[in-house]
Structures are given as structure tokens and as C-alpha cells.
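User: Hi! I have a protein open on my screen and would like a quick walk through it. Can we go piece by piece?

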Amino acid sequence: MIRLSTALFCAAAALTATPVAAQDAGAAGARDGRAVYVSPYVELSQTLLADLSNDDTLTYTQLAAGVDAGVATRRAQGQVSYRYERRFAWNDNLSDDSIHSGLLRGAYRLTRDLTIEGGALATRARSDIRGAAPGTFGGDLPNVTQVYSAYIGPTLSTRAGPVEIGAAYRFGYTKVEVPNVPGLAPGLPRLDYYDDSTGHVAQVSAGVAAGSVLPVGVTLSAAWDREDASQLDQRYEGKYVRGDVLYPVSRTLAVRGGVGYEKIEASQRDALVDATGTPVTDGNGRFITDPTSPRRIAYNTDGLIYDAGVVWRPNRRFELQANAGYRYGGEIYTGSLTYQMTRDMGLQVVVYDGIETFGRQLRDGLRSLPTSFMTGLNPFGGQFGGCVFGANPGAAASSGGGAGGCLNDAFQSISTSSYRARGVDAVWAVTRGPQSFGVGAGYTNRRLYAPRAAPGLTVFGVEDEGYYGQVFYARQLDRVSSFDTNVYVNYFESGLAGYNGNGTLGAGANAAYSRSFGRLGTIAALGLYSYDQQGFDSDLSLQALLGARYQF
């Protein structure tokens, strides 16, 4: 927890090793051409929280410190936005609270062939898919927890004659705190709380391009992926080896096909149960692992995999891939669309299907984000838990660009089980002159896995799904003032026993205006949030904030 937030601060310091004078926050430095920028700040604000459903009003004072920094040079691309908030309640029924919110993405080219990259995330997120869906993540809110995740590793890309050789390794870590308030309807069984996990991924490939040796391109590749989670001694291990062939049909169109062998196994031990068969929990409410339990298989696949598809690249700014095949014991469909429409506009669409865990899916989502991203002012919290929009959406990914990506598929709820994740994400981003605009939307479906005979577990074969959409707009009104707004809507539905499937709908909007007077600035913000959860009354809340920020 603290060590990851400290790591974000250290990463910011590393990015700003060259002294600069910068006062503009977020991605402004990257957009206006500065190679390195840094903007630390402290902020003091007063917030009013009005529960319009129950005619209740609370207030709290918020003290925050943060930094926005970035680098864009020939060898390094990266950005960090980190904010720590301490909230002091004025009411006895609202406790003091601390919140970490930050995102770091960076890459550094050590040599012409070797690059090291990494990322880190600190945010608040929804814990149980059946529970409440608050739109703001501060205070004593139900079903909200703090999440930290990070990864780092090298990538090698070199040649031996006509053979292109690639290799990569990633180490990842994810930590989730226990939610303060469950926020479940009466009678629903509580699920296990995620704790932490570590993961390792290693990949290697060798291939020749079409026309260099053969009329077709040929690639051989292999990968190994392992994650160990502390809860119930859970383990995921996957490995594959495969060969792929690419045949150019024309200058812009190619067909491809691949075949290989794959083995995936997810396993865990039983929870300790009492005389009634109820799982025993520790002081944090997490299940205690039965030390005498054998390792039980939650998911297992072993055998042949194959797929085929098309690659259409009519120009260097547009690429469409579509694939269909056999994997995980059945049909699989995947694809992607990348369109750099102009220098300042980009579109990214991904269709995915894979066996996942929460830690691995969050790591992969973090890695897919660009190293230059928008950081809209959102003093009510909740940044970086949904869609992240690129600050250079029309630039190539190799230079830190890209439209962005959404983390909603991982954050629809925090699952302690392995699952099959299928869905689609789409992000469109524009940065034109003084204004930026982004739209993100998607659908995700998860089929959960657990040992059939595991006592106290009720998730085997259960499906969860969610729909989400987000719109972001920001504008620099003049040299000293700016405005930004976010609008979102989420819908969640679970197939867990005792849940009637009516779903949980959450929506909200917030807007903020800031004005600077030299190093001192003022902030005014307003937010309206609502969610409708089965088994509870609908919730509608209003937040208003006034504050002052000092830029160093």
C-alpha cells in the first residue's frame, strides 16, 4: 500500500531529474512540446456532500499534495500523475479518510535493441459486483476499496540476418485493501476479499518477414505466465508454443494463420470452515486457508490451439485485425482496430477473449495505456479507474501516443477467482488546440471458475457482465483558466446465487473550473451522482467543492 504510493513519488522524481520550471499540470507539457516538465502542488479545499435521497448533508476539509510530470525525449517517454488526499470530516458519522490516486507509464530505451518499461496505478474501485456503485470514492462509502498495481520489465527487439528476434519479461504486483462497508443487499452471501498477488510473464519469438526468405512470413513464439495470489494459495500458470504464417494477398491486405499447443491450470486450496460449513475469516474478513487442504483445480485446459484471420493496412495510420479460432475448449473471436485519423485524433477498438485473473487483467490493461495521457481535474476522486485518454492520440504507440484504453473490464468488480473474460473496448480521443475530448465505451462478460468441491465457495460457472460509457471534455479557456467535465454510466449484473439479476445502474457527471493567479490557483467543482441497486433504495448525491492550489 504505502510502498506503492512511495514508488509513484520516486518515479516522479526520476522523471524530473533535469531541473525545469513548469506550472501547467497534466499532459499540457507533452502537448506544447516541452521535453521534460514537472508540476508539484498542494491543495486545500472544502467539500459539501448532500445526500438528496435521505436529506442528509455532510462536510469535510480536504488537504492534498500531488505532482504531474512527464518526459518525451529520443530515449525516454513517460508520464506520472499522483495525488494524495487526506479528508477531515466535520461530522461524527463521517470518518477521516486517506486516498491515493495516481498513474505512471514510462519506457526508456537502454540500447538500440533493449527497452525497459513499466507502469503503476493507485485508485479506488468497486469491490463486489452485486453491491453499491458510488460515483465518488471518498468518505464512508459502501463497496469501495483502495487498489494498487505495478509492473516492470525489459523488451528486446533485434535481428540476426533476416531473422527478427524478440523477447520480453514482466514482473507485476497487485494489492487490494479490504472495503470498509460491504454494501450488499440483505441475505446475500459475502464473497472472499482479494488481498495481493505477484506475477511473472516471459515471451520469446523469432521470425522472418514475407519476401525476405519465403513468400510468406513465418514466426515461432512461446510464452510462460504465472501468478501467485495470497488468498487460498491461488495459482495461475499458463504456457504455450506456436507457429504463425502471414501471406500478403495485396499491398494492403494479408491473411494469417497459426497453430500451437497450450496448457493452462488455475488452482487453489480450500477455505477453513467451522462446524456449520461456514468459511472462517481473519480480522480483515478474508477467508483463512485450510493448511491440510489438497490443491484443487479450478480451471484446466491442455491441447491444440489454432486460429486464422485477416490483417488490413490500407495506410500507415490504419490497421484492422480480425481472427477466429479454437482455444480454451471452444470457439474464440478476437480483433483490433487502430486508426490514427489525424495528428491529434485517434481511435482504438479491441475485441478480447482470454482466461484471466484480476491481477493479470489489471496489469495487461495498465500496459496497454499510452505513456502520454490526459489528467482531467477531478477533486472528488475516482481518477484512473475507468477510461484513460491519450494526450497524443494521433501519434504512434512507439512514441508514447495512442487513443487510450479503459480499465472498466478489470474494475467491474474485484474477483478472487480466475475467469474467462470476453468483451470489447473502444476509445476515441481528440486533442485540438486548447481543447481535448474523449469517448470510451465497452462491454465485458466474465465466467468465474472455482473447484467444484470447494467448501463455502459459490462462484463456479457464474457469469458477471457489465456495460460502461464515459465522455471527457477539457478546454483551456485562456492563459490562466480552464474547464473540464466528465460524464459516465455503468451497468453491472451478476449471476450469483440469491441475486435476482436486475443489476446495478450507476451514473454521474462532474465539472470543474480552475483559475490561476501566478503560482496560486483556485478551484470550483460540482458533481451529481446516482446509482440504483437491487435490494436498496436508489441513491442520489450532490457534491460541491471550493479550494485553492499552490503550484511549486
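**Strands, core and surface**

Analyst: Happy to, and please keep in mind that this is a predicted model. Let's start with a pair of residues: Gln321 has Ser336 in S14 as its bridge partner.

User: Which strands does that pairing belong to, and in what sense do they run?

Analyst: S13 and strand S14 (residues 330-342) pair in the antiparallel sense, over ten bridges. They form a hairpin with two residues between them, and Tyr328 in the turn has a positive phi of about 60°.

User: And what does S14 pair with after that?

Analyst: Strand S15 (residues 345-356) pairs with S14 in the antiparallel sense, over six bridges. Two residues link S14 to S15 in a hairpin, and Thr342 stands opposite Met345 in S15.

User: Back to Tyr328 for a second. Which core includes it?

Analyst: Let me take the cores in order. The largest nonpolar core has 37 residues, and those with the most contacts inside it are Leu103, Leu121, Val147, Phe358 and Phe411. Elements giving two or more residues to this core include strand S5 (114-126), strand S6 (144-160), helix H3 (358-367) and helix H4 (408-411). S18 gives the most, with four residues. Tyr328 is in a second, separate core of nine residues, which also includes Tyr236, Ile264 and Ile355.

User: Nice. In that largest core, what does Leu121 touch?

Analyst: Leaving out residues up to four places away in sequence, Leu121 touches Gly102, Leu103, Val147, Tyr148, Ser149, Leu362, Leu366, Phe384, Leu407 and Phe411. Of these, Leu103, Val147 and Phe411 are also listed with the most contacts inside the core.

User: Changing topic: which residues make the nonpolar patch on the surface?

Analyst: The patch covers about 540 Å² and is made by Tyr247, Val249, Leu253, Val255, Val310, Trp312 and Leu320. Strand S11 (253-268) and strand S12 (296-315) are the elements that give two or more residues to it. Leu320 lies in strand S13 (residues 318-327), the strand that pairs with S14.

User: Why does Leu320 count as partly exposed?

Analyst: Its relative accessibility is 32%. Leu320 counts as partly exposed because that value falls between the 20% cut-off for buried and the 50% cut-off for exposed.

User: OK, now further along the chain. What does S22 pair with?

Analyst: Strand S21 (residues 481-494) pairs with strand S22 (residues 504-517) in the antiparallel sense over twelve bridges. S22 also pairs with strand S23 (residues 520-533), again antiparallel, over 14 bridges.

User: Could you give me a residue pair for each, so I can find them?

Analyst: Sure! For S21 and S22, look at Val489, whose bridge partner in S22 is Ala507. For S22 and S23, look at Leu505, whose bridge partner in S23 is Asp532.

User: What does Gly518 do in the hairpin of S22 and S23?

Analyst: Gly518 takes a positive phi near 75° there, and the hairpin has two residues between the strands.

User: Last one, zooming out: how many helices and strands are there, and what share of the residues is buried?

Analyst: There are four helices and 24 strands, and buried residues make up 51% of the 552 residues. The protein exposes about 23,600 Å², with carbon and sulfur atoms supplying 59% of it. Among contacts between residues at least 6 apart in sequence, 61% join residues at least 24 apart.

Terms used
Residues numbered from 1 in each chain as written. Predicted model: local features only at pLDDT ≥ 70, side-chain atom pairs only at ≥ 80, totals over all residues. Heavy atoms only, no water. Core = buried A, V, L, I, M, F, W, Y, C linked by side-chain atoms within 4.5 Å. Buried < 20%, exposed > 50% of the residue type's maximum accessible area, 1.4 Å probe, protein only. Contact = heavy atoms within 4.5 Å. Pairing = 2+ DSSP bridges. Patch = residues over 30% accessible without salt bridge, like charges linked within 9 Å, V, L, I, M, F, W, Y side chains within 5 Å. Areas by Shrake-Rupley, 256 points an atom, 1.4 Å probe, with all protein chains shown as cover. Salt bridge = Lys/Arg side-chain N within 4 Å of Asp/Glu carboxyl O.
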